[in-house]
Amino acid sequence: MNGTALKVRSWLAFCRLQARAVTVYRADYALGLAGLIIQIYLFRVVWVAVYGEHRTVHGVTLPLQIAYSTIVSLQSWVFMPRASEQIPQRVREGTVAMDLLRPLGFLHQVIACQVGGTAVLLPFALVGLPFAVLAGGAVGPASALAAGEYVIALLVGWAVATLLQAVVGMLAFWTLEVSGPFMIYTAISQFLAGALVPLWFMPEWLRETASVLPFQASSYAPVAIYLGRVQGSGAWVLIGQQVGWAVVVWVILRLVWRRVFRRVTIQGG
């Protein structure tokens, strides 16, 4: 078996392994989905109160804003980090030493685990989608082209989010525990990604700052394209920016891993 075929088989094996790990805790994820639907409903209550008697705010209608909150909440739940959260445990237990001996590189193992975890959650999301729409609200894509662009932007956004989470997870090789850093990262990334408040409602200076950072690639960018807030060449510029950030974060992750690999070798683990 050549090296490429072995890597492909290893990728698929890690994806299946993570998928099985997720399905073991089906009740937990079902409850998480129920909590997500409650969150979507509460977002709706908040935005209805914010809009009050106004039909539009900054050119955004209330149904459009509620749809944005619903879709972003579903995306965030599906993008929930899994593989990167396992890194601290594997470092503490020393099992990372065995990971280094596997035919698939450690970074690829992390990404493959996330692929498996995300894939197995998609059926949960599809089952919960009608309930999420009832609790919040939804509108169709602005056009067929917008729907296609949304899928592309969503996939690239997933890649950016996964790589960023992996970078944070790598801190475990220095700190052994990343709960604190991950809480900080989650708070900052969700806000600047537009997961709580859309970028179009932010002050201009904050909106411009968030638009050039990688966080918005996972939440705001795909949904803004889906809803038609960004169209035409602007949509492809936004997708190109996402791809650029995916490359940049991947390079950063590789550089961090090189430092980590030296550290693990020095410790003899």
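A pocket is an open set of points, on a 1 Å grid over the protein atoms alone, where a 1.4 Å probe fits, with protein on both sides within 12 Å along at least five of seven lines; lining residues have an atom within 4 Å of a point. The model is predicted, so local features need pLDDT of at least 70 and side-chain atom pairs pLDDT 80 or more, whereas totals for chains, interfaces and linings use all residues. Residues are numbered from 1 along each chain as its sequence is written, and side-chain values use heavy atoms, without hydrogens and water.

Select first Gln75, Val78, Leu122, Tyr150 and Leu154, the closest to the centre of the largest pocket among its 22 lining residues. The volume of this pocket is about 600 Å³. Next display α3 (62-78), α6 (106-135) and α7 (144-169), each of which supplies at least two residues of this lining; α6 gives the largest share, eight residues. The lining holds 19 nonpolar, three polar and no charged residues.

Move then to Ser76, Trp77, Phe79, Thr186 and Gln190, which lie nearest the centre of the second largest pocket, lined by 26 residues. This pocket contains about 470 Å³ of space. At least two lining residues come from each of α2 (26-51), α3, α7 and α9 (179-192).

Finally, select α2 and α6, whose axes (lines fitted to C-alpha atoms over the stretch in contact) lie 10 Å apart at an angle of about 30°. α2 is therefore roughly parallel to α6 (angles under 35 degrees). The contact (heavy atoms within 4.5 Å) includes Tyr29, Leu33 and Ile37 of α2 and Phe124, Gly128 and Phe131 of α6.

Terms used. Grid points are joined across faces, edges and corners, and a volume is the space filled by probe spheres set on the points. Helices (H or I, at least four residues) and strands (E, at least two) are DSSP runs, numbered from the N terminus. Ala, Val, Leu, Ile, Met, Phe, Trp, Tyr, Cys and Pro count as nonpolar, Asp, Glu, Lys and Arg as charged, and the others, Gly among them, as polar. Axes are lines fitted to C-alpha atoms, for helices over the stretch in contact, and angles run from 0 to 180 degrees between N-to-C directions. Angles under 35 degrees count as roughly parallel, over 145 as roughly antiparallel, 65 to 115 as roughly perpendicular and the rest as oblique.
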